[in-house]
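User: Hello! Could you walk me through this complex in a friendly question-and-answer style?

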Amino acid sequence: MKSKAAVVARLGRAATYALAALFALWVITPIYLIGVAAFSERAAVYQFPKPLIPAPFSVETMLFFLRSHGVLQATQASVTVALLTLALTMIIGAPAGYALARYAFRGRDSFRILIVSTRGFPIVILSIPLAVSFMRWGLYDSPYSLALMHTALALPFTILVTSSVFASVPRDLEEAAMTLGCNPVQAFLRVALPLALPGLAAATLFTFVLSWNEVFAAVILTVRNRTLPALVLTVLNESPLPYRFAGGFFMLLPSLVFMLFIRRYLLNLWGRVVK
Amino acid sequence: MAQITLENVRKVFGKVVANRDITLTIHDREFMVLLGPSGCGKTTLLRGIAGLERIDGGRILIGGQDVSDLPPRKRHIAMVFQSYAVFPHLTVYDNVAFGLRMQRVPAAEERARVQAAAELLHIADLLQRYPAQISGGQRQRVAVARAIAVQAQVLLMDEPLSNLDALLRLEMRAELKRLLKELKATVVYVTHDQVEALSLGDRIAVMRDGAIVQCDSPLTVYDQPATPFVGRFIGNPPMNLLLADVRPAPGGAEAVVGGVAFPAPGTAQGGKLLLGIRAENIQVHATPVAGALPGKVLVVEPLGSHNLLTVQVDEARVKAHTHADAAFEPGQPVWLAFPADKIRWLEPEE
């Protein structure tokens, strides 16, 4: 009986790993192929079957993409928009999340549902009236107005995630800080915030990637100051394959780097939190 | 001087009254225990004193100053939480130093005071560790060290020992008692454990349903409970309470229990009274004795130092202690004698 249970447990673990491997392959394969193509010579992109390693290794394709018209400027716009979005969502979203987690106020549950329901509006419906309004206000075609749009898109998620992050920091800890001489703001800054940081970082990561990848609103709300996805999308049909691969890889890059950086940070800090 | 005065302190949560107009004076350097079953409002009262909960009525004075509207940081208190509330992102040192840094104590003095508090609680060798790297008992010591390092005149403790295992709790209880005697602070200590209350407190305030039922020294609360609730809640086994009929008799009234008449107390002339007697004050006889209640042994529990007898007397069950060598058998008829000076008369609760 005992050995049978052990076999079942081992099979279960094997199945878990197999499934995890499958998911990993599902995600990694396209990324890897794009990567290989981006670092091969331009001619190699058309080869079939595809080589498994970029041989000979070359940055020619990447350079070609980066030197293409508008790419540098669009990258700059993308970074500006993403960072602005990130700052705005944190400034608005984190206090809202904190309030949801800590205070019982009238209409808290309806507020929560309201927040989620804003995600129900398709971006199309939001973007076109916004484009009209922005034109009227003279905000059209600017990274700032696009950042406002992205903030609106990211806020529901940010508020819900930060509220659950703050809810996981025991109230006792802030109260202890207050009995030890902190005012509520100091208690938040010295105790709740450091403990919430990993979760806030995760929300930040999400916001950054969302803004960096968002293409629909970007296409509608900008003309000359295109962000990178908007630029790549509009020139996609006329551009050669190497440009597409290099563009794809370049747009993947920040997400990957950001995720690697944040992941280590998450594990480090969460390891220290005790219930 | 840090006398704590509570005047008609009231706290309401929605429809639940957690503290109903509590008035209590806790003297300077006194160890006051708030004792009661869960939900009796003792923690709410403590949080009210700490300033973590705004009171809905009445006043709280600490050292003569009305602190009812002051936030916790301006009340000159320190608190130990039931969950310990040790900051997980700070080392033990930084935890203990937290309050001192908020007070902007000079660095040299900070080091000295952290070291002193850590040595008092035997955690001096753990100062560089993180809370996740030490045991629950050690974390509890950190919480106490953090509270005493700020040298507040009032120390509030919310069931500080309830999360420790039995052996550790016993050890820590004695250590706390020694430590808090040295500190010379006014201590308010919340617990639902009557043994803890009896062993630690200078006085015990027994609470029930948001009110203080009795506040007195541990011995008095144990020996002369003000209500049947206090008699049952404090002591193990609980105080025996037997219903007595009071009726007029020549030369005063008498109270009758199980066919035996006792002189009724005070001016009672009729109605019902409860006869209260502690298990250790009952004399158990194997043969009939004048003025003793007849009963039958139900259970005999040898407890080493003594035996605990459960005796059926009419409808009631009485717990009595006997000498460990006394040979009683279940089913045996016995006679229970109550020494007159050990009998307590209580009004029955409705």
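Here is a short conversation about the two chains and how they are built.

Analyst: Happy to help. This is a predicted model, in which local features need pLDDT of at least 70, side-chain atom pairs count only at pLDDT 80 or more, and totals for chains, interfaces and linings use all residues. Residues are numbered from 1 along each chain as its sequence is written, while chains are lettered from A and ligands numbered from 1 in the order in which they are written.

User: What is the mean pLDDT of chain B?

Analyst: pLDDT is the predictor's confidence in each residue, from 0 to 100. In chain B, 99% of the residues reach 70 or more. For the complex, the predictor gives a pTM of 0.80 and an ipTM of 0.86. The mean pLDDT of chain B is 92.

User: How many helices and strands does chain A have?

Analyst: Elements here are DSSP runs numbered from the N terminus: helices are H or I with at least four residues, and strands are E with at least two. Reading chain A from the N terminus gives α-α-α-α-α-α-α-α-α-α-α. Its C-alpha atoms fill a box of roughly 75 × 70 × 35 Å along the principal axes. The count for chain A is 11 helices and zero strands.

User: And chain B, how many helices and strands are there?

Analyst: The C-alpha trace of chain B spans about 75 × 45 × 35 Å along its principal axes. A record-style assignment, automatic or from a database, sets the domain bounds, and chain B is divided into domain 1 (4-233) and domain 2 (240-346). Its secondary structure comes to eight helices and 20 strands.

User: What share of the residues counts as buried in chain B?

Analyst: A residue is buried if 20 or more other C-beta atoms lie within 10 Å of its own, exposed if 12 or fewer, and partly exposed in between, with C-beta atoms placed from the backbone. By that rule, 32% of the 275 residues of chain A count as buried. For the 350 residues of chain B, the share is 41%.

User: How many residues does each domain of chain B give to the contact between them?

Analyst: The C-alpha centres of domain 1 and domain 2 of chain B lie 39 Å apart. Two residues are in contact if their C-beta atoms, placed from the backbone, lie within 7 Å. The contact takes five residues from domain 1 of chain B and five residues from domain 2 of chain B.

User: Which elements give two or more residues to the side of chain B that touches chain A?

Analyst: The contact between the chains takes 17 residues from chain A and 22 residues from chain B. For the classes, Ala, Val, Leu, Ile, Met, Phe, Trp, Tyr, Cys and Pro count as nonpolar, Asp, Glu, Lys and Arg as charged, and the others, Gly among them, as polar. The chain B side divides into 17 nonpolar, four polar and one charged. The elements are β6 (77-80) and α2 (92-102) of chain B.

User: Why do two strands of the six-stranded sheet in chain B have one side without a neighbour, and which strands are they?

Analyst: Two strands pair if DSSP finds at least two bridges between them. This open sheet has mixed pairing and the order β6-β7-β8-β3-β9-β10 (chain B). Within it, β3 (residues 31-35) and β9 (residues 203-208) of chain B run parallel and are joined by four bridges. Each edge strand has a single partner, so one side is left without a neighbour in the sheet, and these strands are β6 and β10 (211-216) of chain B.

User: Which residue of β20(B) is the bridge partner of G276(B)?

Analyst: Strand β14 (residues 272-277) of chain B has five of its six residues buried. β14(B) pairs in the antiparallel sense with strand β11 (residues 240-249) of chain B over six bridges, where D245(B) stands opposite K272(B). β14(B) also pairs in the antiparallel sense with strand β20 (residues 344-346) of chain B over three bridges. In β20(B), the partner of G276(B) is R344(B).

User: Where does P237(B) lie?

Analyst: The peptide bond from N236(B) to P237(B) is cis, with omega near 0°. P237(B) lies in the loop between α8 (228-233) and β11 of chain B.

User: What is the phi of R29(B)?

Analyst: R29(B) is found in the loop between β2 and β3 of chain B. With 17 C-beta neighbours inside 10 Å, R29(B) is partly exposed. R29(B) is not a glycine, yet its phi is positive, at about 65°.
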